[in-house]
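Me: Please take a close look at a single part of this model and describe its setting. After that, place the part in the wider fold.

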Amino acid sequence: TFGSGRYGQLGHGTDSTHGTPAMVMAMQCKSVVGVACGGFHLCLWTNEDELYTCGLGQYGRLGHGTEENQILPTFVQALRRVARIAGAACGMVHSLVWTEDDELYSFGGNSDGQLGLGDLRPREMPTAGSEGGRVGEEGRSWGGPYHLKKKKNN
């Protein structure tokens, strides 16, 4: 990873900025299959269906049940029993995770309803969306700073 590490979002164990790509040493023994970047946080998922997050913990956007910052990728315990993780997206203050079984989980800031849970309360833990958290046949979802966007499956 490279860029601003102000809140530890690069996962290098510091809050330093990196001007060139550097390996995230804490993940070197893991097979990372995807990465999503938010404004101040990062989600990484592995082929072992593990989600790791790091960076600014404000609003619970890291999914660890607290607002504590993480300068190293930290396993999201609340998702340890979900089906295969298919992807993740990071907004400015929230995160979304979906599985191959089309389950959708969201966590973090929710001042504009961006978690899709029918209210405006933030969540510090991954929470299944309405109707069982299913993405369904309509498509997959990605988050922007304050929104959720669906893309039809083709």
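Reply:

**R123 and its surroundings**

Leaving aside neighbours within four places in sequence, R123 is in contact with Y59, G60, S106, F107, G108, N110, L115 and L117. The model is a predicted one. R123 lies in strand β8. With a relative accessibility of 13%, R123 falls under the 20% limit and therefore counts as buried. The side chain of R123 also reaches the backbone oxygen of R121, at a distance of 2.6 Å.

Strand β8 covers residues 123–128. The strand is joined to β7, residues 104–108, by three bridges, and the two run antiparallel. One bridge partner pair is Y105 with A128, the latter in β8. Among the contacts of R123 listed above are S106, F107 and G108, and the range given for β7 is 104–108.

Strands β7 and β8 belong to an open sheet of four strands, in the order β5-β6-β7-β8, with antiparallel pairing. β5 (85–90) and β8 stand at the edges of this sheet; each has a single partner strand, so one side of each is left without a neighbour in the sheet. From one strand to the next, the twist averages 15°.

For the wider fold, the protein has one helix and 10 strands. From the N terminus on, the elements run β-β-β-β-β-β-β-β-α-β-β. Of the 154 residues, 44% count as buried. Among contacts with a separation of 6 or more, 39% are between residues 24 or more positions apart. The accessible surface comes to about 7900 Å², and carbon and sulfur atoms account for 50% of that surface.

The cysteines can be dealt with last. A search of the whole structure finds zero disulfides. A disulfide is a covalent bond between the sulfur atoms of two cysteines. For C54, the closest cysteine sulfur is that of C43, 8.5 Å away, which is too far for a bond because the cut-off is 2.5 Å. C54 has 0% relative accessibility and so counts as buried, whereas C29, at 76%, counts as exposed.

To return to the part in question: R123 is a buried residue in strand β8, and β8 is a strand at the edge of the four-stranded sheet.

Note on methods:
Residues are numbered from 1 along each chain as its sequence is written. This is a predicted model: local features need pLDDT of at least 70, side-chain atom pairs count only at pLDDT 80 or more; totals for chains, interfaces and linings use all residues. Side-chain values use heavy atoms; hydrogens and water are left out. Buried means under 20% relative accessible area, exposed over 50%, partly exposed in between (1.4 Å probe, protein chains only). Contact means heavy atoms within 4.5 Å. Accessible areas come from the Shrake-Rupley method with a 1.4 Å probe; for residues, only the protein chains shown count as cover. Two strands pair if DSSP finds at least two bridges between them. Axes are lines fitted to C-alpha atoms, for helices over the stretch in contact, and angles run from 0 to 180 degrees between N-to-C directions. A polar contact is a pair of N or O atoms within 3.5 Å; within protein, one must be able to donate a hydrogen and the other to accept it, and residues adjacent in sequence count only if both atoms are side-chain atoms.
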